[in-house]
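Notebook open, structure loaded. I want to look up a few exposed spots and the pockets.

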Amino acid sequence: MNESREKFSNKIGFILSCVGAAIGLGNIWLFSWKLGTYGGAAFLIPYFIFMGLFAYIGLVGEISFGRMMKKGVLGVGKLMEKKKIPLAKLLPIVPIISVAGIFTFYVIVFGWIIKYFVTYLTVDMNALNYEEYFGSFAGNSESILWHLLAVVISVGVISLGVIKGIEKINKIVMPLMFLIFFGLMIKSLSLPGAMEGVKFLLNPDWEKLLNPVTWVMALGQAFFTVGVSGSALLVYGSYLDKDVNISVSVVQTCILDTLAALMAGFIIIPAAFAFGYGPGAGPSLLFITLPSVFSNMAGGKILGIIFFLSVIFAAVSSAINQLEVPVEAVMEKFNFSRVKASVIVGGVLFLAGLPLDLNMNLFGTFADLMTIYLIPLGAIIILGFYFYGIDSKAIEYEIDLGAKHKVGKYIIKIGRYIFVPGVLIILILGVLYGGIG
């Protein structure tokens with residue numbers, strides 16, 4: 001056991017950090033589109049089922065494994081060596097690479113968010129053609145400066161450590177983000193015509209439940225929305241004290257993650273419908289549709305500033321979680337200081353992302369490689385080993401530490417017979433559908 005390892009200072013800091021890791025840009029632009037497209041309120045039925053079977057089980061598994069080892073992902077390799085697992089030293093590198101890869105392209109989008117925020121502060125956005133404006137920097141060298149700024153912010157937070165960096169920033173930005181979301185949601189719902197957007201989001205189309213694609217998309221949303229990867233929350237778990245009830249903390253994380261996604265949906269979609277815009281998914285919704293909506297609203301400049309500030313909060317909280325995985329691994333492997341590891345890893349990943357700044361097709365291909373293939377594969381490797389390779393009594397003990405209701409034995413069974421085979425199915429479905437998350 002590594003007694004000198006950094007720790008979260010309290011349960012609230014840990015939960016807010018987990019929530020920050022889970023709430024990302026996918027919550028803001030993808031969940032609401034899936035909700036409306038695949039059955040409205042009916043979509044929530046398979047979504048909540050899969051949240052219980054995959055998001056909850058995966059996060060409890062990751063966090064408890066990290067707390068058990070008091071080490072990050074490289075610690076799994078040492079346990080694999082003891083169990084005589086083939087390629088024991090190489091297998092844990094997969095989830096590290098996958099999350100580092102997510103950071104590599106995610107932080108570019110984070111840079112676009114910062115650029116929009118600064119533009120709203122300094123320029124009359126109403127004078128712009130938003131589609132042309134987005135195309136003027138996305139996919140070319142104009143993106144690089146903002147990409148660098150996003151990396152510098154992420155490295156700066158991570159360099160400060162677990163309590164002064166990760167925990168402190170999440171304690172500030174997560175409550176502020178929810179507060180801003182709430183205010184913007186009230187404003188959006190008050191717009192004439194906004195109820196059409198609410199109908200799009202919530203009108204239950206029960207027939208969609210008979211369509212297998214609805215279940216596939218709900219499965220992907222539930223798995224990817226909270227950041228199950230075999231590594232990201234495992235590292236946070238390794239900083240966790242023994243008295244924290246992991247099961248309850250994960251339930252709270254899943255609830256707040258879903259709440260944030262729903263609030264974002266009730267900000268964006270009703271406003272889009274109110275001004276005659278479609279609810280399309282992806283970057284166009286955030287960078288083209290929504291600025292167009294703000295330009296038609298009284299006080300749109302102020303609303304744009306506030307909204308993109310809240311999205312910065314969501315982006316930075318996820319980016320630091322992604323960066324922490326390779327940084328912790330470098331600290332463990334080479335015994336580097338946190339600052340040195342953060343600067344080196346951040347610098348390398350920034351340079352690796354430069355080609356993505358210049359070519360949107362390459363950006364999309366790289367993002368697909370990480371999200372469709374490597375993230376599920378990393379989860380299978382790490383959590384497959386946890387649920388099948390670690391003594392069940394040890395897992396049960398770790399999960400039930402600090403808990404009034406003992407759920408460890410049930411989580412082990414679901415992990416072995418539903419979660420791990422299910423993630424393999426997620427990987428296969430992702431390949432067949434070109435992505436489901």
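I started with Leu-149, which is partly exposed at a relative accessible area of 34% (buried is under 20%, exposed over 50%, partly exposed in between, with a 1.4 Å probe and protein chains only). Leu-149 sits in helix 8, residues 144–159 (helices are DSSP runs of H or I of at least four residues, numbered from the N terminus). I also checked a distance: the C-alpha atoms of Leu-149 and Ile-425 are 38 Å apart, with the two positions 276 residues apart along the chain.

Note on the source: this is a predicted model, where local features need pLDDT of at least 70 and side-chain atom pairs count only at pLDDT 80 or more, while totals for chains, interfaces and linings use all residues. Residues are numbered from 1 along each chain as its sequence is written, and side-chain values use heavy atoms, with hydrogens and water left out.

Next I looked at Leu-87. Leu-87 is exposed, with a relative accessible area of 57%, and lies in the loop between helix 5 (73–82) and helix 6 (93–122). Together with Leu-90, Ile-93 and Ile-97, Leu-87 makes a nonpolar surface patch of about 370 Å². For patches, residues need over 30% relative accessible area and no salt bridge, and nonpolar side chains (Val, Leu, Ile, Met, Phe, Trp, Tyr) are joined within 5 Å; a salt bridge puts a side-chain nitrogen of Lys or Arg within 4 Å of a carboxyl oxygen of Asp or Glu. Areas are Shrake-Rupley with a 1.4 Å probe.

Then the pockets (on a 1 Å grid over the protein atoms alone, open sets of points with protein on both sides within 12 Å along at least five of seven lines, where a 1.4 Å probe fits; lining residues have an atom within 4 Å of a point). The largest holds about 1200 Å³, the volume being the space filled by probe spheres set on the points. Of its 43 lining residues, Gly-26, Trp-29, Phe-105, Thr-371 and Gly-437 are closest to the centre. Which helix gives the largest share of that lining? I found helix 17, with eight residues. The lining splits into 25 nonpolar, 17 polar and one charged (Asp, Glu, Lys and Arg count as charged, and Gly as polar).

The second largest pocket has about 310 Å³. I count 13 lining residues there, with Leu-74, Lys-89, Pro-92, Ile-93 and Lys-333 nearest its centre. Helix 5 gives the largest share, four residues. This lining has seven nonpolar, one polar and five charged residues. Ile-93 turns up again here, having already appeared in the patch.

Terms used. Patches are made of residues with over 30% relative accessible area and no salt bridge: like charges are joined within 9 Å, nonpolar side chains (Val, Leu, Ile, Met, Phe, Trp, Tyr) within 5 Å. Helices (H or I, at least four residues) and strands (E, at least two) are DSSP runs, numbered from the N terminus.
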